[in-house]
Amino acid sequence: MIDKLRKIFREDQIYSTHKDIDCFAFDASLYTGSPVAVVRPESTDQIRDLLGLARRFDFSLTLRGSGTSKTGSATANDSVVVDMSYFNKVKVVNTKDKWIEVEPFVSVDKLNSILKNKGFYFPFESDNKVATLGGLVSTGYVSKYCFRYGKLEDYVLGMEYIDGTGKIFYVNENNSYKDILGSEGSLAIITKLRLKIVASVKKRSYGRYYFQSIKELLKKLDDIKKGEFSSRILSIYFVSKSVYVSNQRYSLFVEFDTTGISLDDEISKGNNFVLKTKSIVKKALGFVIDNTQKYPWNVLEVEKVDEELLKVESLLVSRKYIVVHDPKFSSEKYFDFIRLCEINAIPLTADLGNGIFYPRFNTNSSNLEHEMYSFVFENDGLVSGGHGIGLMKKEYLTEEEKDSFSEKKYKFDYDNLLNNDKVIDITRFELFKQKKGQTKKDALLKTNNLF
Ligand SMILES: Cc1cc2nc3c(=O)[nH]c(=O)nc-3n(C[C@H](O)[C@H](O)[C@H](O)COP(=O)(O)OP(=O)(O)OC[C@H]3O[C@@H](n4cnc5c(N)ncnc54)[C@H](O)[C@@H]3O)c2cc1C
């Protein structure tokens, strides 16, 4: 195998010792894969030739960004890992027409640090600082800011990719890239992205609310969404009381765009509440709740709340709640789902702007996870709000969903060379092909007579 890879890659682009490849066996899920080797391509030609080699010698490829997938979609199952880290350049920043062209290994964080100086922003950040744009587009990523900015797919204006047959599609060529969105490295290898950007938010502030009951919480959520400042809401984050050990309250964190509203103006106008809040906050570095204040946000700096939310994550991990699911519900199901988690002592956080819930499990609670999915199906929920399917949720897809994905696989990766055990099983795809009643197509790939 390694000798064959040497026909395409330089020695320093191939990794095959345990020391070098073991870390590619994992992602941010609990799954462990078994990579055969890792290659780091630096051109589309090398990727196309690699696909030719994979078809000829019958091995599969697993695409890899930063490996932070929570579903096992970046783990390699007896396959060669395609590490995209050389595709790391921001190619064009067009602030006039508000778009950029980037290679897929650029992280949201890096992109935003470049755009910041120009007053622009790509609004899909999270506490994951290393996730790549290729990973985001491939998993159908949802950030808490989607409440304000809408879906990631609406920000993808074009894509360059090589499908499983080795065919290269260029950025301006056609709209078929829409099929590749959210396909988890199972249909094509993304090599360039054209993305929409927006003007950056100059000032953000949080409102933080506590509640004793779910009803109170949902009432407030409704009020805020319909309220005077609804157009300023950036994100809405919920932490259930089962997350905190000592704090038996539900918390809601609502982030607002407070650009153009100055706290100092309020103080100079003699707004006593603001003055009082500021001094208490200064003293205690805690939060103040007073829903009578003029504005529904607090004076605390955004970083403080972000820090607090990160502490929630660490707390859950330290208590061994390391399995995270991401079902999505419509708002009338929120109450029942929060109750279900509470009754079963499942710690829960949620992005209530987008209706995505993050129930946490430890490693020996698979029965509880199945039970939760029964609730998802009975209540017309979605199996995944943003993390994708990977290995983790394959069993929860309906037969129609499996057929629909197989149809795309049939079109773009007939020989199942790309991430071949993710989203649907290998045998399920073979059955689909048999049902279609066609024999194996001739390879479409030009292999440059290398092999
Ligand atoms: C702390 C933390 C916070 C997170 N927060 C969120 C969140 O807010 N919202 C959310 O939706 N998810 C979140 N996630 C999940 C994860 O970050 C996302 O799934 C992210 O999109 C993965 O990016 P990555 O670069 O790590 O991709 P990887 O994990 O390396 O890969 C993810 C998938 O994309 C494919 N892929 C990668 N690059 C390419 C390419 N160039 N071409 C084709 N396929 C490719 C891989 O094969 C794999 O199927 C979080 C994860 C962590 C650990």
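Which strands does helix α7 (residues 214–226) lie across, and at about what angle does it run to β14? In this predicted model, helix α7 lies across β12, β13 (233–239) and β14 (250–257), and its direction makes an angle of about 10° with β14. The sheet to which these strands belong is described below, after a summary of the chain.

The chain has 451 residues, of which 42% count as buried. Its secondary structure consists of 14 helices and 17 strands. Among contacts with a separation of 6 or more, 70% join residues that are 24 or more positions apart.

One open sheet contains 6 strands, in the order β12-β14-β13-β16-β17-β15, and the pairing is antiparallel. The edges are formed by β12 (204–211) and β15 (323–324); each has a single partner strand, so one side of each is left without a neighbour in the sheet. Besides helix α7, which lies across β12, β13 and β14, helix α10 (residues 302–318) also lies across strands of this sheet, namely β12, β13, β14, β16 and β17. The direction of helix α10 is at about 50° to β12.

Within this sheet, β16 (residues 348–351) and β17 (residues 356–361) are paired in the antiparallel sense over 4 bridges. Leu348 stands opposite Pro359 of β17, and Asp351 has Ile356 of β17 as its bridge partner. The two strands form a hairpin with 4 residues between them, and Gly355 of this hairpin takes a positive phi near 75°. Strand β17 also pairs with β15, again in the antiparallel sense, over 2 bridges. In that pairing, Val323 stands opposite Phe361 of β17. Of the 6 residues of β17, 5 are buried, so this strand is largely enclosed by the rest of the structure.

A further open sheet has 5 strands in the order β5-β6-β10-β8-β9, also with antiparallel pairing. Here β5 (90–94) and β9 (168–169) stand at the edges, and each has a single partner strand, so one side of each is left without a neighbour in the sheet. Strand β8 (residues 156–163) runs antiparallel to β9 and is joined to it by 2 bridges. Tyr161 stands opposite Phe169 of β9. Helix α3 (residues 44–57) packs on the sheet and touches β8, β9 and β10, with its direction at about 45° to that of β8.

The ligand is surrounded by 35 residues, the closest being Gly65, Gly134, Gly135, Gly185 and Gly386. By residue class, this shell divides into 11 nonpolar, 19 polar and 5 charged residues. Elements that each supply at least two residues of the shell are β3 (61–64), α5 (133–139) and β10 (188–196). Helix α5 gives the most, with 5 residues. Strand β10 thus appears in two settings: as a member of the sheet of 5 strands and as a contributor to the shell around the ligand. Residues of the shell come from both domain 1 (2–83) and domain 2 (90–199), so the ligand lies between these domains.

Note on methods: Residues numbered from 1 in each chain as written. Predicted model: local features only at pLDDT ≥ 70, side-chain atom pairs only at ≥ 80, totals over all residues. Buried ≥ 20, exposed ≤ 12 C-beta atoms within 10 Å, placed from the backbone. Contact = placed C-beta atoms within 7 Å. Pairing = 2+ DSSP bridges. Axes fitted to C-alpha atoms, helices over the stretch in contact; angles between N-to-C directions. Near = placed C-beta within 6 Å. Nonpolar A, V, L, I, M, F, W, Y, C, P; charged D, E, K, R; others polar. Domains from an automatic or database assignment.
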